[in-house]
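This report describes one protein, beginning with its overall build and ending with three residues. Please look at the sequence and the structure before reading on.

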Amino acid sequence: MIKRLFVIFGRRILYFMYFLGGLSNLAMQTIYRIFTPPYKKHRIFEQAKKAGYDSLPIVSLISLFIGFIFALQTAYFMQRIGSELYIASMVALSLVRELSPVITALVVAGRVGASITAELGSMQVTEQIDALESFASNPIKYLVVPRFLALTFMLPLLTLYSNAIGIFGSFLICTAKLGISSSIYMHVTFDALQYKDLFTGLFKSVVFGMIIALVSCYEGFNVEGGAEGVGRATTRSVVITFILIIIADCFFTALFYFIFP
């Protein structure tokens, strides 16, 4: 029994090391291929539309409800100590520094990342990626670079949009339910925010975008076992991306806490 546990644990460790090595190799090749011609701008814009514009409805819905929920939960405690005015600053800081970057990244990972893995996985099992190489087209340049750039640039923009929608949701609750005037709410919100708060959230969004692109492309390139393998790779891609986003968020939150106290 103990021997079997060691074998299973050892396999997990080996798989994790193999995964990290493959992901690092893909990241280095992707960064190298970004600066080598030919430059296919239309493919980048096409992927940017899929990752950014097409994600606006679901990001809007989730951000609005997060604004509602966070304002109501904060009000539950702040009303007990007679500090309702500080709800606006607490919601704004929490959304800009933490909630909007993470929630937006998880939404995009579930919607766009899963789609990328399924698309590339289908191309892998039908040997379309091998066909690209036979026509002297580099698969990383043709498939990974546009998705990597699109997610790296679009996720911070989606995060900014999510910040605005979330604050608007909280604004509706505070002005309609708690009786806080709109001018006081906006004054307290923007008085609490500083440039470093916005910077930390956007920096994390850039890293999250890179993680989503690299993990989803890596899993798509390594699909085995036909249609069933595509399903397994898609599930694995979403789970790994979620875990890496949370780990990266924890790391950068601690780092920025000491750099920008």
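What percentage of the 261 residues in the protein is buried? Buried residues account for 44% of them, where buried means under 20% relative accessible area, exposed means over 50%, and partly exposed lies in between (1.4 Å probe, protein chains only).

The model is a predicted one, in which local features need pLDDT of at least 70 and side-chain atom pairs count only at pLDDT 80 or more, while totals for chains, interfaces and linings use all residues. Residues are numbered from 1 along each chain as its sequence is written, and side-chain values use heavy atoms, with hydrogens and water left out.

**Overall build**

The protein contains nine helices and zero strands, and its elements therefore read α-α-α-α-α-α-α-α-α from the N terminus on. Helices (H or I, at least four residues) and strands (E, at least two) are DSSP runs, numbered from the N terminus. Along the principal axes, the C-alpha atoms fill a box of roughly 65 × 55 × 35 Å. A contact means heavy atoms within 4.5 Å. Of the contacts between residues at least 6 apart in sequence, 85% join residues at least 24 apart.

**Surface and charge**

About 14,400 Å² of the protein is accessible surface, and carbon and sulfur atoms hold 71% of this area. Such areas come from the Shrake-Rupley method with a 1.4 Å probe; for residues, only the protein chains shown count as cover. The protein has 20 positive and 14 negative charges, and the mean positions of the two sets are 3 Å apart. Here Lys and Arg count as positive and Asp and Glu as negative, without His and the chain ends; the place of a charge is NZ of Lys, CZ of Arg, CG of Asp or CD of Glu.

**Three residues**

The table lists the helix and the relative accessible area of each residue.

| Residue | Helix | Relative accessible area | Class |
|---|---|---|---|
| F6 | α1 (residues 2-34) | 59% | exposed |
| S115 | α4 (residues 87-125) | 40% | partly exposed |
| K204 | α8 (residues 195-221) | 2% | buried |

S115 and I66 are 49 residues apart along the chain, and their C-alpha atoms are separated by 25 Å.

Which residues are in contact with K204, leaving aside its neighbours within four places in sequence? They are R97, E98, D249, F252, T253 and F256. K204 counts as buried because its relative accessibility is 2%.
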